[in-house]
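How might one read a protein model from its overall dimensions down to a single residue? Please look at the sequence and the structure below before going on.

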Amino acid sequence: MRVLLINPPLDTVFRDGHVSPVTSYLFYNSAPLGLLYLAAMLEEAGEDVLVIDAAAEELDIPGTVKRIEEYQPDLVGIGSTTVVFESSKELAAAIKAFRPELPIALGGYHVSLIPAEAMECPHFDVGVIHEGEHAIVELAEHYKGERELSTIQSIVYREKDGSLAFTPHRKETRKLDEFPMPARHQVDPGLYKPVPIDEHGLPKFTIITSRGCPHACAFCQKSRTGYRSRSAKMIVDEMEFLVEEYGAQDIAIVDSLFCANKRRVMAVCDEIIGRGLKISWTCSSRVEVVDQEMLHRMKEAGCWRTRFGVESGSDRVLEFISKGIT
């Protein structure tokens, strides 16, 4: 089966004025790791896969449709955040205009948070709620005629009468080491440029070492999914792979909170130091989870920057958003 995964174009983002020279970097500074994890799972299952990062390639909707026509997929998956959802809808409509029978699956944060509202767009056949690694493989099986949609967990799909059907929730995978590394060969690493203040060493790559977050900030979707981590060995295996295969000079760890657990952070640092791996990297922290020992070990292991979320200078606001700090 030929499966096409798309990071949607930015037509509506630019048209509606939701981007500036500064914020535009957010669309181009790293590969779409979520889609690349799905691609790796599909490849492992023996499917023919192609990933198009329309945003990074600066494709508009007609240009993206042309690429789709060239590939002739049997299933299209579109990953969408709320910011690009209007573009995703317009892309889905354009796809259905030339191939009405082509199934389109919607994934990403937008449909995960408000599935019924997202699926009001009639051009999406299926919505994948939360993690999609297993669901995308099972959807490929469905469209090959090997299983029923109703047997796939954590999806919403359209019945023949147009009504929406929700399947039971799939428990999040606890053992993240079971997932293959993202299929980075699917995209050109030269497409991605770091934000100027992040140009510490090029080429620069991103990795994800954990999912979810143990904290409960009111504004963040990650707080609802539970915190899970990869092992220190697997994390450093991927860092070493990026150095050896791609010549990585710098790595951004893009977890919501890398420093959630001191023991884990120290284990990752010890693994880097023990292997003699020479790589610089950045991560995210909270002010109350770090200490001098951890920060010194991170620096020794190559960390040159950690980011803290400073949402407000008001204790009243911090309490209102359940930040958990003063």
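The paragraphs that follow move from the whole chain to its surface and then to one loop residue.

The model is a predicted one, and its secondary structure comprises twelve helices together with 13 strands. Along the principal axes, the C-alpha trace extends over about 60 × 50 × 40 Å. For a chain of 326 residues a compact globule would be expected to have a radius of gyration near 20 Å, and because the protein has 20 Å, the value agrees with that expectation. The contacts add a view of how the chain is connected: of those between residues at least 6 apart in sequence, 70% link residues that are at least 24 apart.

Turning to burial and surface, 49% of the 326 residues are buried, while the protein exposes about 15,500 Å², of which carbon and sulfur atoms supply 53%. As for charge, the protein carries 36 positive and 49 negative charges, and the mean positions of these two sets lie 5 Å apart.

A single residue can serve to bring the view down to local detail. Lys175 is found in the loop that runs between strand 7 (164–166) and strand 8 (204–207). Is this lysine, Lys175, buried or exposed? Its relative accessible area is 59%, and because a residue counts as exposed when this value is over 50%, Lys175 is exposed. The residue also illustrates a pairing across the sequence, since Lys175 and Ser229 are separated by 54 residues in sequence and by 7.7 Å in space, C-alpha to C-alpha.

Methods:
Residues numbered from 1 in each chain as written. Predicted model: local features only at pLDDT ≥ 70, side-chain atom pairs only at ≥ 80, totals over all residues. Heavy atoms only, no water. Helix = DSSP H or I, 4+ residues; strand = E, 2+ residues; numbered from the N terminus. Rg over C-alpha atoms; globule rule 2.2 N^0.38 Å. Buried < 20%, exposed > 50% of the residue type's maximum accessible area, 1.4 Å probe, protein only. Contact = heavy atoms within 4.5 Å. Areas by Shrake-Rupley, 256 points an atom, 1.4 Å probe, with all protein chains shown as cover. Lys, Arg positive; Asp, Glu negative; His and termini not counted. Charge placed at Lys NZ, Arg CZ, Asp CG, Glu CD.
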